[in-house]
Amino acid sequence: MSQSHFIDGQWVAGQSDHLVVAYDPCLAQPFAQLHSCSPAQVDQAVRAARQALPRWQGLNAARRATYLRGFAEQLKQRRDSLVALQMQNNGKPRHEASADVDDAVATFTYYAGLAEQLDARQNAEVALPAPGFRSHTRLEAIGVVGLIVPWNFPLVTSAWKLAPALAAGCTVVLKPSEVTPLIEQVFAEIAHEIGLPQGVLNIVGGGAETGVALSTHPGIDKLSFTGSNKTGSAVMHSAADYCRPLTLELGGKSAILVFDDCDLDQAVEWIIAGICWNAGQMCSATSRLLVQDSIAEPLLARLKNALEKLRVGNPLDDEVDMGPLSSEAQFSKVTACFELARSEGLHCLTGGYALQMPGWFVSPTVYTDVPLDSALWRQEIFGPVLCTHRFSSEAQAVELANDSQYGLVATVVSADLTRAERVAAALEVGHVWINSIQAVFVETSWGGSKGSGIGRELGPWGLSAYQSVKHVTRCLD
Ligand code: NAD
């Protein structure tokens with residue numbers, strides 16, 4: 001993997017001594033490695049993006065939309081290889097890896113549609129109370145943007161940033177995660193294939209040091225970051241040094257609230273989807289189950305039964321429901337939580353161990369009646385580990401759900417839709433699902449309240465995040 005990065009329209013080799021290694025988590029074996037981009041190469045990428053900016057932002061948005069449609073089309077054509085790579089590098093089951101490709105295609109298609117409407121929305125007249133004045137609104141590209149992403153949904157997270165940024169007329173320097181260093185290369189391949197003007201998209205691979213070089217670079221106009229709160233805080237400090245805008249998509253410890261009027265089997269299905277999809281490595285994992293005490297016993301019995309039937313294994317077997325954790329670091333973190341649970345004397349309903357397999361596999365795990373001050377209840381684990389707690393009233397359920405530093409998402413399960421809507425309104429989060437799996441539509445927003453982040457992605461809000469609003473006002477006299 002020598003020519004692994006994409007700067008100013010050219011494939012280049014990383015010049016840092018630091019190596020980034022892609023592993024197959026089913027085998028705990030490396031299958032590719034590459035040299036990271038050096039800070040000097042990050043500087044080249046930012047300069048290339050700056051140089052490309054005037055021409056790109058000066059194009060009609062409808063013209064930019066043709067490139068976005070090109071990305072969507074080319075992603076579709078590369079579907080099989082993208083699915084295979086995500087299965088190999090992330091350990092995603094085939095249906096999950098396929099869903100990620102579909103999501104990326106939908107994202108580029110959606111923002112192509114918004115870009116096509118942008119020219120007509122440009123220079124919209126503002127109604128003013130003063131007859132002697134006229135004013136109109138310009139929606140301008142914010143400039144050169146740095147995009148830093150994690151490894152859990154690399155294709156999706158990058159598409160959620162890249163598509164609106166390009167639609168708005170921004171030029172981009174994207175830094176993929178060191179855990180999944182290969183998947184975003186597809187965007188460079190496509191850029192080359194569809195003739196995206198050089199410098200509009202730059203991809204600089206590497207680890208934290210490459211991220212630091214990008215987030216502290218003075219030539220960036222905005223940074224959009226998805227990742228952990230620890231890194232988000234560091235990135236926010238560097239944005240503060242330049243007083244420049246920032247979008248942060250951070251962690252979560254989200255709740256699923258299950259009321260006693262629900263269908264128990266259906267509830268179990270949604271609980272499992274909320275904690276076992278992507279082996280629980282989801283910012284939006286509903287890792288805290290709040291269950292009404294009158295149904296706690298039968299619900300937990302069904303949950304245990306269903307989890308013990310879940311097929312965990314290598315995603316090359318299409319029968320598999322859940323794959324491994326994606327990295328050794330994540331495996332160590334989750335198994336350390338099992339140790340902590342043992343030392344805290346938590347009651348383990350099911351799981352709580354690593355599987356006797358060569359890769360980074362763990363069992364789906366449930367701890368019941370977890371004390372509210374336990375680290376397992378409070379901290380994001382990022383694995384298939386569910387903690388439960390009981391409630392007796394709607395008010396208590398809402399209070400328990402909101403008692404968290406995070407506020408990303410929640411799921412409400414109840415046959416009483418009036419109550420479900422009331423609870424949804426009271427929850428301090430960015431997205432609530434009622435009687436649903438975690439269906440994410442590109443038309444709806446994504447982002448968190450409280451410690452889960454700043455700003456929103458997806459929908460028209462995702463586009464606004466890359467636009468700067470300017471008004472031009474003149475006196476008619
Ligand atoms: P991470 O913070 O370790 O890394 C994220 C990215 O930041 C990587 O590309 C990494 O190389 C880079 N980075 C690391 N140190 C940096 C620094 N000092 N300066 C700049 N960049 C740096 O996170 P991760 O382990 O890759 O991802 C898991 C986290 O991401 C979880 O907390 C999860 O909840 C969060 N996440 C949030 C969302 C969301 O939409 N809210 C989505 C996916 C993941």
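Start by colouring the two domains of this predicted model: the protein is divided into domain 1, which takes in residues 5-250 together with 452-475, and domain 2, which runs over 255-441. If you place a marker at the centre of each domain, taken over C-alpha atoms, the two markers will be 31 Å apart.

Next, select the residues on either side of the boundary, where 25 residues of domain 1 are in contact with 31 residues of domain 2. The size of an interface is often given as the accessible area lost when the parts come together. Here domain 1 and domain 2 bury about 2200 Å² between them, and 59% of that area lies on carbon and sulfur atoms. On the domain 1 side, show C26, W151 and S452 as sticks, since these residues supply 25% of the area that domain 1 buries against domain 2, more than any other three residues.

Now move to the ligand and display the shell around it, which consists of 28 residues, the closest being V149, E178, S228, L250 and E380. With the domain colours still on, you can see that the shell draws at least three residues from each of domain 1 and domain 2. Recolouring the shell by residue class divides it into 14 nonpolar, ten polar and four charged residues.

Three polar contacts deserve a view of their own. In the first view, select the side chain of E178, where an N or O atom is 2.7 Å from an oxygen atom of the ligand. Then turn to the side chain of E380, in which an N or O atom is 2.6 Å from an oxygen atom of the ligand. At L250, by contrast, show the backbone, because it is a backbone N or O atom of this residue that lies 2.7 Å from a nitrogen atom of the ligand. With a surface drawn over the protein, consider how much of the ligand is covered: of the 850 Å² of accessible area that the ligand has on its own, the protein covers 87%.

Finally, switch to a cartoon and pick out α7 (208-215), β10 (222-226) and α8 (229-242), each of which supplies at least two residues of the shell around the ligand. End the tour on α7, which gives the most to this shell, with four residues.

Conventions:
Residues are numbered from 1 along each chain as its sequence is written. This is a predicted model: local features need pLDDT of at least 70, side-chain atom pairs count only at pLDDT 80 or more; totals for chains, interfaces and linings use all residues. Side-chain values use heavy atoms; hydrogens and water are left out. A residue is near a molecule or strand if one of its heavy atoms lies within 4 Å of it. A polar contact is a pair of N or O atoms within 3.5 Å; within protein, one must be able to donate a hydrogen and the other to accept it, and residues adjacent in sequence count only if both atoms are side-chain atoms. Accessible areas come from the Shrake-Rupley method with a 1.4 Å probe; for residues, only the protein chains shown count as cover. Ala, Val, Leu, Ile, Met, Phe, Trp, Tyr, Cys and Pro count as nonpolar, Asp, Glu, Lys and Arg as charged, and the others, Gly among them, as polar. Domain bounds come from an automatic or database domain assignment. Contact means heavy atoms within 4.5 Å. Buried area is the accessible area (1.4 Å probe) that two parts lose on being put together, summed over both.
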